[in-house]
Amino acid sequence: MDTTKSIEAFEIAKKLMPGGVNSPVRAFQLVGMEPIFISHGKGSKIYDIDGNRYIDYVLSWGPLIHGHADKEVSDALLEAIYRGTSFGLPTLLENKLATLISTRIPSIEKIRMVNSGTEATMSAIRLARGFTGKDMIVKFDGNYHGHSDHLLVKAGSGIATLGLPDSLGVPVEITKHTISIPYNNIEVLKKIFDKYGPQIAAVIVEPFAGNMAGIPANPEFLQAIRSFTTKYGGLFILDEVMTGFRIDYHSAQGLYNIKPDLTCLGKIIGGGMPVGAYGGKKEIMDHIAPEGNIYQAGTLSGNPIAMVAGYTTINKLNHNSYTYIEALADRLIQGLSKAAHTNHIPLKTTKAGTMIGYAFIDHPLQNFDDARKIDAEMFRRFYKEMLKQGILLPPSQYESIFISTAHSIQDIDRTIHAADVAFKRMLSCI
Ligand SMILES: Cc1ncc(COP(=O)(O)O)c(C=O)c1O
């Protein structure tokens, strides 16, 4: 595989941007490689600037559920672009997308569009604090909710970590209101509510922890969050930035039959354009300005191009889309597991709805402590062998893979075959 042009481009990029990228994982540091630079994509395939072709399981980190350059989405975008790219005033497109979202996710009675998942979770937390008059936030170790200050809290061991910031530049005074506790652990959650219950403004959780190797929440765990928040008067914020419209036709809350107070969305609802949103009960949402006095605004919020891409993408999804993706996901994890078993490679897979995860580890994954035990060196070797064979996976052992309606059975079978070859090569160089 010749990647000369990508290597040259990265040399230039490193002089222009920190680490040569605009978002850290793209630098491929976790897999000990240099990134490939992308020229274009079509369907399930993505092409680099050296002309190499890959079956893409990154899909822009989730948004492209119909694959690259989907014709309907592209046509709708072109039409919208010629009408004007931004007005800063209301359009019918906002009504259309808001209606479609609340039809599929009924807990969202009112919605506010923003520009990223980070903005969605950050604003939902402000709303929860403003609405409840409380400050404390509970999150779960290894869950990722974007890069706003109060959610960038180091995953802790023991019963609870009273927030220490994960990044320089985040004042301890801000994260001291954030408690991070183990995922899927009802006992610890109960202890935290016993101790701090009346001070807790919200619990925020990923229903499928796609940012720590793809760990599904146990349904009883989500139910416990629902009942503790209800009992103590805090809000239940479900972070569906990744799972929204991906994991199931009605998103994770449909799959798990759970009703959060607020939901955060992003990725698919922008169909590949920058977007985010938060929404929920009308009586809570009406506390946002201009209706209420919790301030949140945005120059490009509800941008017509993003609304069109999101609307067309979601409108095109029907129940069959999810049945199809789930069948491909099942085929992929069965094939990977079989190849791993035959080659004596320790591989664990996870699944909920259409979302799957895989990890080089020999025991089941329940929480962040488990995810941290993933064999990173084995992942790196696997990653390189897959890339060489034209399979593009997210370049981190913690990130979920994504499948689109544009992927085919042939794509999946080629991927399983490549994994078998990769496992054999990995063993031969031990
Ligand atoms: C669950 C979850 N929440 C929030 C975010 C942040 O979204 P964004 O990267 O659009 O800011 C992400 C991003 O991957 C995510 O997966």
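Visitor: Which residues are around the ligand, and what makes them count?

Guide: They are S116, G117, T118, Y144, H145, G146, E206, N211, D239, V241, M242 and K267. A residue counts as near if one of its heavy atoms lies within 4 Å of the molecule. By the way, this is a predicted model, where local features need pLDDT of at least 70, side-chain atom pairs count only at pLDDT 80 or more, and totals for chains, interfaces and linings use all residues. Residues are numbered from 1 along each chain as its sequence is written, and side-chain values use heavy atoms, leaving out hydrogens and water.

Visitor: Why is the pair of T118 and the ligand called a polar contact?

Guide: A polar contact is a pair of N or O atoms within 3.5 Å (within protein, one must be able to donate a hydrogen and the other to accept it, and residues adjacent in sequence count only if both atoms are side-chain atoms). A polar side-chain atom of T118 is 2.6 Å from a ligand oxygen, so the pair qualifies. For K267, a polar side-chain atom is 3.0 Å from an oxygen atom of the ligand.

Visitor: How do you know which residues of the shell are nonpolar, polar or charged?

Guide: Ala, Val, Leu, Ile, Met, Phe, Trp, Tyr, Cys and Pro count as nonpolar, Asp, Glu, Lys and Arg as charged, and the others, Gly among them, as polar. That gives 3 nonpolar, 6 polar and 3 charged.

Visitor: What makes L93 of α3 part of the contact with α10?

Guide: Contact means heavy atoms within 4.5 Å, and L93 is among the α3 residues making it, with P304 and M307 among those of α10. The residues of this contact divide into 9 nonpolar, 2 polar and 3 charged.

Visitor: What is unusual about A69, and about the bond joining A289 and P290?

Guide: Most residues other than glycine have a negative phi, and most peptide bonds are trans. A69 isn't a glycine, yet its phi is positive, about 50°. The bond joining A289 and P290 is cis, with omega about 10°.

How values were computed:
Helix = DSSP H or I, 4+ residues; strand = E, 2+ residues; numbered from the N terminus.
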